[in-house]
Amino acid sequence: MVEKGERSWKLIGTVLAVGAGIAMKKALGFGWERATGHVPPSNPEDPEVTWQEALAWALASGAAIGVARMLMARQTANYWKRSTGKLPPGLREVG
């Protein structure tokens, strides 16, 4: 049986991580347009998109979204620990 705190943690973590990913994708798209002068590829697998552009977009978006989600998860876990005095359910201290 899943306890209330664990459900709350999973819901909060998921919502904030998805929100961070969406916000970063929008910011990255804006930066891409400013840097290249055109919109980022909506589908990098499209043969009309050059290899260089597809690879650059995949690397930039993957890294940026991954980092944004990780930072949000860390901030959320830190807030949870300050609020409850313990780590969120499922997280363990390392070291």
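**Figure 1. Ser61, a buried residue of helix α2.** Ser61 has a relative accessibility of 12%, so it counts as buried. What you see here, as in every view below, comes from a predicted model. Ser61 belongs to helix α2. Follow its side chain and you arrive at the backbone oxygen of Trp57, at 2.7 Å. Trp57 is itself listed among the buried residues of α2.

**Figure 2. Helix α1 from end to end.** How far apart are the end C-alpha atoms of helix α1? They are 47 Å apart, and this agrees with the 48 Å that its 33 residues should span at 1.5 Å a residue. The helix takes in residues 4-36. Just after α1 comes Gly37, which has a positive phi, near 85°. Look along α1 for its buried residues: Trp9, Ala17, Ala20, Gly21, Leu28, Gly29 and Trp32. They pack against α2.

**Figure 3. Helix α2, the partner in that packing.** Helix α2 covers residues 51-84, which makes 34 residues. From its first C-alpha to its last, α2 reaches 49 Å, close to the 50 Å expected at 1.5 Å a residue. Which residues of α2 are buried? They are Glu53, Ala54, Trp57, Ser61, Ala64, Ala68, Thr76, Ala77 and Trp80. Helix α1 is part of what covers them. After α2 comes Gly85, and its phi is positive too, near 85°.

**Figure 4. Gly21 on the α1 side.** Gly21 sits in helix α1. Is Gly21 buried or exposed? Its relative accessibility is 10%, and anything under 20% is called buried, so Gly21 counts as buried. Leaving aside residues up to four places away in sequence, Gly21 touches Ile65 and Arg69. Now find Glu53, a buried residue of α2. Gly21 and Glu53 are 32 residues apart in sequence, and their C-alpha atoms are 21 Å apart in space.

**Figure 5. Ala68 on the α2 side.** Ala68 has its place in helix α2. With a relative accessible area of 13%, Ala68 is buried, because the cut-off for that word is under 20%. Its contacts, not counting residues up to four places away in sequence, are Ala20 and Met24. Ala20 is one of the buried residues of α1. For a sense of distance, pick out Glu48: Ala68 and Glu48 are 20 residues apart in sequence and 29 Å apart in space, C-alpha to C-alpha.

**Figure 6. Thr76 and Ser8, a residue from each helix.** Thr76 is part of helix α2, and its relative accessible area of 8% makes it buried. Which residues does Thr76 touch, if those up to four places away in sequence are not counted? The answer is Trp9, Ile12 and Leu16. Trp9 is among the buried residues of α1. Ser8 is also in helix α1. At 27% relative accessibility, Ser8 counts as partly exposed, because that term covers values between 20% and 50%. Along the chain, Ser8 and Thr76 are 68 residues apart, while their C-alpha atoms are 12 Å apart in space.

**Figure 7. Ser42 in the loop.** Move now to the loop between α1 and α2, where Ser42 lies. Ser42 has a relative accessibility of 79%, and over 50% is called exposed, so Ser42 counts as exposed. To place Ser42 in relation to α2, look for Trp57, a buried residue of that helix. The C-alpha atoms of Ser42 and Trp57 are separated by 9.7 Å, although the two residues are 15 places apart along the chain.

**Figure 8. The largest pocket and its lining.** The largest pocket has a volume of about 160 Å³. Rolling a probe the size of a water molecule over the atoms is a way to show where empty space is left. Which residues line the largest pocket? Going along the chain, you meet Met70, Ala73, Arg74, Gln75, Ala77, Asn78, Lys81, Leu87 and Leu91. This lining divides into five nonpolar, two polar and two charged residues. Ala77 may look familiar, as it is also among the buried residues of α2.

How values were computed:
Residues numbered from 1 in each chain as written. Predicted model: local features only at pLDDT ≥ 70, side-chain atom pairs only at ≥ 80, totals over all residues. Heavy atoms only, no water. 1 Å grid on protein atoms, 1.4 Å probe; cavity = no way out; pocket = protein on both sides within 12 Å on 5 of 7 lines; lining within 4 Å. Points joined across faces, edges and corners; volume = space filled by probe spheres on them. Nonpolar A, V, L, I, M, F, W, Y, C, P; charged D, E, K, R; others polar. Helix = DSSP H or I, 4+ residues; strand = E, 2+ residues; numbered from the N terminus. Buried < 20%, exposed > 50% of the residue type's maximum accessible area, 1.4 Å probe, protein only. Contact = heavy atoms within 4.5 Å. Polar contact = N/O pair within 3.5 Å; in protein donor to acceptor, adjacent residues only side chain to side chain. Expected span 1.5 Å × (residues − 1).
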